[in-house]
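Please open the structure in your viewer and keep a selection tool at hand, since the tour moves from one selection to the next. Each stop says what to pick and what can be found there.

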Amino acid sequence: MRYRILGVTQTADDHGTLVPLPGPRLRALLTALALRPGRSVTPETLIDDVWADAPPQDAPAALQALVGRLRRTVGKGAVASAHGGYRLAATEDDVDVFVFERLVRQGTEALRDGDPATAARTLDEALALWRGPALADLRDHPAAARPEARRLEASRTRAEADLLLGRADEAVPRLAELTTAHPYDEPLHALLIRALRDTGRPADALAAYDTARRTLADGLGTDPSPALRALHAELLDDNGAGHGHGLSHRHVHGQGGNQGHRHGGSDGHVGGPPGPAGADTPLTPPRLPERTGNLRPRLTSFVGREPEIAAIRSELHRARLVTLTGPGGSGKTRLAEEAAAGLPQAWLVELASLDRPEAVPGAVVSALGLRETVLMTTDLATPQDDPVALLVEYCAPRSQLLILDNCEHVIGAAAGLAETLLTRCPGLTILATSREPLGVPGESVRPVEPLLPDQAYRLFTERAATVRRDAATAPREEEAVTEICRRLDGLPLAIELAAARLRLLTPRQIADRLDDRFRLLTSGSRTALPRQQTLRAVVDCRRVGDRWMRAQVCSAAGEAELARGRFVEAEGEYREGLRLAYEVGAYAESPFLIARLAEIAYRSGDRAGALTALDEADTAAERYGVADARAFVFLLRAQIAVDEGDTAHARALCDAIRVLAAAGTPPPQFIAALGMLEAEVAAAETGPEPALALLAGTLRQALADHCAEAVLSAVVDGAANQLTRLGDFPRATRLLAVADALYGPHPRPAPQRALAERAEAAAREALGAERQEAERARGRGLTVTAALRELTEAVRAHTTPAPAPRPTSAPGSPTATNR
């Protein structure tokens, strides 16, 4: 395997095929391990690297689960458990950052040995390894400083090789970009000045020196170094190109530096006609003042959401991509503008009017005013036909905030451009608005909820006052206004459109006509985007609340179908619920729905599909902070670990589940499922006797909690399996018959079906067909309460040995593997 951490982390097999790494935490873990290939890394170090200052509540268990996901992704043998930690089974030649450093050393030595051609080839190979900021998935990690510094060193050395090879014309654009990105790096300025001189552009070389002098004076309050001043003096010397002995004599071979001629007399003035007039002529045109943003002041007040504004601004300091999600009309655009107001260099890019995804980069170029800027550049700047390249060139040296507004209908193009700019422009931050997340690594998603009732009321009354000052403030109208806000689901745009109708109607008349709201709410601002001028243009269904209710109904229907064992129908309901949850921006509901789909895959026998869905659910649960869903994900992972015989990992997950469950209020069926799981783990650790006792307690609690028959049947099946292991075939057969009755016409799930078939086969062999059928007949007459009595008697009949010591490894111990 090959590991790439010079940019967003990637891994590839020996054939160069990329292996997908889903989720930022997974990439962060791999990055932390790849920084130390072949060396053991302690769990504490990995937790610090992956979660920085915000570790989860049970960090060791979370780390262990993450290691398991990484093993499934890159191969179990790729991450080994070592004494006191984990180790990436790789060498430095397998990790691009170490390959890069080796190539830089070789290139520098080649230049020192007088072989610029080899130096250029080697350094090109080294620099080609970069795809973005070093260790992009370990934000602000101190280890990123070294490769970034070596990258700059390699770029300088590569430029020197160009000059030695007589390729100054190729070096100029590269050096112009580097000096912009690193304005205080004097050796880079010296290289640019020499390159301009070697291409026969002495005036531009002097202008470049003047730019460097002013940059150092304005930014640092200092003068150029003696070496840079000597190069300047060499430029001013009529014979400097042919006979100078400044900085150029050690490196510049081939072309002479000053091959043009200068106008003017012996006073040394350059760039103008002879005489005093030429002395005052500037070498470069005056630079226009740089714009600081394009946010326009709004003509209406902003109501409510003050805590959300503060939270978004805080998030923009922690994450470089923040996406506000929610249905149309929920106020995402206005909230983004208000959050960005007052921030330096904030640029709004309106994507709503675009009808082609490929137009997205051009829209950003236009918003930044770069089309006008390019027309005014000097020949030091290279015009860019590619808008993406132009954006990278412009944004790379700057600290800016881009607001990509209304991304949903060009979501793929917006996501691709965002990832490109963020990986290549370290000072850039993006605030996006969309009906769905962009899905870019490192994205922070913030759903925009409808207004609270008091906020909605205030918004209506403020907008109403601009239409008819007394229209909504009369006491008799308060009830109508409250009804309007409630029936419009707190959507800001719908409320503003309703307030605009007060020119013709009273609040009571508006409330009475809301049953035909799409016809009613059709007179918004003529200057708004077309999609925001009417309610019909904003929402496709009658109400966002209707869709949310439908999502809840689908989830409940899925639960019912799953309880009946109708997996195909349950999957359809859960997928529809997931679609509706995404549509209305209820992303916190998605982890549980995805986990349910994983459960269906597992119970249908599709282990690979279950693991893939669990990875997705775990990432979503972590992103949206849904602890209950994470506990359910851990439960399913633990069940799979039991099936695969990884008892230590299953036990560690059970312990982690207990911690998560204690922090919330898990439903009874979850407690029953955890009890069954712990019984299986106990059976694997010490035998069936303690497992039988645990199952008796689980069944007793499930009955008291009135759990569904699907839950009761699973507990009874588990008890029958343990009795089979104990050789108590009569009781096992009777309990299997009870479970059959509970399942009714629905088949057992795949894992339980296999266990039941093995138990029945063992009972048939031990009892004979006739005795087995007699015991089965007795079992059919038992109720679940009677089955509990059978199980309680079995616990007393089978003496439970003293339990063996539980494994000492903690949930995060590297001795357990995650599957």
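Begin by selecting strands E4, E5 and E6 of this predicted model, which form an open sheet of three strands in the order E4-E6-E5 with antiparallel pairing. Strand E4 (40-41) and strand E5 (79-82) stand at the edges, and because each has a single partner strand, one side of each is left without a neighbour in the sheet. Helix H1 (residues 24-34) can be added to the selection next: H1 packs on this sheet and touches E4, E5 and E6, and its direction makes about 80 degrees with that of E6.

Zoom in on E5 and strand E6 (residues 85-88), which run antiparallel and are joined by four bridges; one pair to label is Ala-82 with its bridge partner Gly-85 in E6. Then show helix H3 (residues 59-74), which lies across E5 and E6 and runs at about 140 degrees to E5.

Keep H3 on screen and add helix H2 (residues 43-51): the axes of these two helices come within 10 Å and cross at roughly 85 degrees. H2 and H3 are therefore roughly perpendicular to each other. To see the contact itself, display Pro-43, Leu-46, Ile-47, Val-50 and Trp-51 on the H2 side, together with Ala-59, Pro-60, Ala-62, Leu-63 and Leu-66 on the H3 side.

The next selection is another sheet, and a question may guide the choice of strands: in what order do the five strands of the open sheet with parallel pairing stand? The order is E8-E9-E10-E7-E11, with E8 and strand E11 (443-447) as the edge strands, each of which pairs on one side only. If direction is ignored, neighbouring strands of this sheet are turned by 20 degrees against each other on average.

Within this sheet, select strand E10 (428-434) and look at both of its pairings. With E9, the pairing is in the parallel sense over five bridges, where Gln-400 stands opposite Leu-428 and Leu-404 has Ala-432 as its bridge partner. With E7, E10 also runs parallel and is joined by five bridges, and here Thr-325 stands opposite Ser-434.

Colour E10 by accessibility and the strand turns out to be mostly covered, with seven of its seven residues buried. Leu-428, Ile-430, Ala-432 and Ser-434 point one way from the strand, whereas Thr-429, Leu-431 and Thr-433 point the other way, and all of them are buried.

Which helix lies across E7, E8, E9 and E10? That helix is H14, running at about 155 degrees to E10. Select H14 (residues 332-340) and note that eight of its nine residues are buried, namely Lys-332, Thr-333, Arg-334, Leu-335, Ala-336, Glu-337, Ala-339 and Ala-340. The elements that cover these buried residues include helix H13 (306-318), strand E7 (321-325), strand E8 (346-350), strand E9 (400-405), E10 and helix H19 (453-465).

For the cysteines, the distance between sulfur atoms is the thing to examine, as a disulfide needs a pair within 2.5 Å. By this rule the count comes to zero disulfides. Select Cys-425, for which the nearest cysteine sulfur is that of Cys-395, 5.1 Å away. Cys-425 counts as buried because its relative accessibility is 0%, under the 20% cut-off, and Cys-485 is likewise buried, with a relative accessible area of 6%.

Move on to Leu-674, which has its place in helix H30 (residues 668-686). Is Leu-674 buried or exposed? With a relative accessible area of 0%, Leu-674 is buried. Leaving aside residues up to four places away in sequence, Leu-674 touches Leu-635, Ile-657 and Arg-658. A distance label from Leu-674 to Ala-661, C-alpha to C-alpha, should read 10.0 Å, for a pair that is 13 residues apart in sequence.

The last selection is a pair of helices, H32 (residues 709-726) and H33 (residues 729-743), which pack at an angle of about 165 degrees with their axes 8 Å apart. That angle makes H32 roughly antiparallel to H33, and the crossing is left-handed. To display part of the contact, show residues including Leu-712, Val-716 and Leu-723 in H32, and including Phe-729, Leu-735 and Tyr-743 in H33.

Notes. Residues numbered from 1 in each chain as written. Predicted model: local features only at pLDDT ≥ 70, side-chain atom pairs only at ≥ 80, totals over all residues. Heavy atoms only, no water. Buried < 20%, exposed > 50% of the residue type's maximum accessible area, 1.4 Å probe, protein only. Contact = heavy atoms within 4.5 Å. Pairing = 2+ DSSP bridges. Axes fitted to C-alpha atoms, helices over the stretch in contact; angles between N-to-C directions. Parallel < 35°, antiparallel > 145°, perpendicular 65-115°, else oblique. Left-handed = near helix turned anticlockwise from the far one by under 90°.
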